[in-house]
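Work through the exercises below with the model open. Try each task before you read its solution.

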Amino acid sequence: MAWIWMLSVAGAVLLWAVSLGRILSSPTPYSLPPSPRFLPPLGDRRSRNVLLVLAHPDDESMFFTPTILFLKSKGHSIHVLCMSLGNADGLGDTRKEELYDACATLKIPAEQVSVLDHQKLQVI
């Protein structure tokens, strides 16, 4: 019975090695989209509207600050939609104000920030 496990592990290691070899030998990175429409080439300086959807306040600071700063540096307009107040501990209003303060620090105008407070989005 142990040989079945060893065969499974050997197959997984072989699959991993082949995948890694394909990634490293590829002329273009897999992380880049195949279409240049995702982000325009450097010669195309048109400003785009970008919607950032967050689960709750503080995600913009904890996870998306580098993305926001990069897009802002390229001249794009960032809009933020936060799906909840993050009111698990009764601090929803405080967290909402912190979201607006963080967006102001990131130079995102308050009129481009929206926070939803829908009962069906609340975790019980």
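Buried means under 20% relative accessible area, exposed means over 50%, and partly exposed lies in between (1.4 Å probe, protein chains only). Helices (H or I, at least four residues) and strands (E, at least two) are DSSP runs, numbered from the N terminus. This is a predicted model: local features need pLDDT of at least 70, side-chain atom pairs count only at pLDDT 80 or more, and totals for chains, interfaces and linings use all residues. Residues are numbered from 1 along each chain as its sequence is written, and side-chain values use heavy atoms, with hydrogens and water left out.

**Exercise 1. Set out the elements of the protein and how much of the protein is buried.**

Step 1. Count the elements: there are 4 helices and 3 strands.
Step 2. Read them from the N terminus: the order is α-β-α-α-β-α-β.
Step 3. Turn to burial: of the 124 residues, 21% count as buried.
Step 4. Take the surface: the protein exposes about 9,500 Å², and carbon and sulfur atoms supply 66% of it. Accessible areas come from the Shrake-Rupley method with a 1.4 Å probe; for residues, only the protein chains shown count as cover.
Step 5. Take the contacts (heavy atoms within 4.5 Å). Among those between residues at least 6 apart in sequence, 73% join residues at least 24 apart.

**Exercise 2. Find which residues of α4 are buried, and what covers them.**

Step 1. Locate the helix: α4 spans residues 92–105, 14 residues in total.
Step 2. Check its length. From first C-alpha to last, α4 reaches 20 Å, close to the 20 Å expected at 1.5 Å a residue. The expected span is 1.5 Å times one less than the number of residues.
Step 3. List the buried positions of α4: G92, R95, L99, A102 and C103.
Step 4. Look down the axis of α4. The buried residues fall within an arc of 95 degrees, so they line one face of the helix. The arc is taken from the directions from the helix axis to the C-beta atoms.
Step 5. Turn to the other side of α4: D93, A104 and T105 are exposed there.
Step 6. Identify the cover. The buried residues of α4 are covered by elements including β1 (49–54), α2 (59–62), β2 (77–82) and β3 (113–115).

**Exercise 3. Work out how β2 pairs with β1 and with β3.**

Step 1. Apply the criterion: two strands pair if DSSP finds at least two bridges between them.
Step 2. Take β1 and β2: they pair in the parallel sense over 6 bridges. L52 stands opposite V80 in β2.
Step 3. Take β2 and β3: they run parallel, joined by 3 bridges. The bridge partner of L81 is S114 in β3.

**Exercise 4. Describe the surroundings of S77.**

Step 1. Place S77: the residue is in strand β2.
Step 2. Assess exposure: S77 is buried, with a relative accessible area of 19%.
Step 3. List its contacts. Leaving aside neighbours within four places in sequence, S77 is in contact with S47, R48, N49, V50 and Q112.
Step 4. Look for a polar contact. This is a pair of N or O atoms within 3.5 Å; within protein, one must be able to donate a hydrogen and the other to accept it, and residues adjacent in sequence count only if both atoms are side-chain atoms. The side chains of S77 and Q112 make one, at 3.3 Å.

**Exercise 5. Examine the positive phi values of D58 and K107.**

Step 1. Recall the background: most residues other than glycine have a negative phi.
Step 2. Take D58. Its phi is positive, about 90 degrees, although D58 is not a glycine. D58 sits in the loop between β1 and α2 and is partly exposed, at 28% relative accessible area.
Step 3. Take K107. Its phi is near 65 degrees. K107 lies in the loop between α4 and β3 and counts as exposed, at 63% relative accessibility.

**Exercise 6. Trace what A55 touches, and follow one of those residues onward.**

Step 1. Place A55: the loop between β1 and α2. A55 is partly exposed, with a relative accessible area of 43%.
Step 2. List its contacts. Not counting residues up to four places away in sequence, A55 touches C82, M83 and S84.
Step 3. Follow S84. This residue is in the loop between β2 and α4, and counts as buried at 11% relative accessibility.
Step 4. Inspect its side chain: a polar atom of the S84 side chain lies 3.4 Å from the backbone nitrogen of G86.
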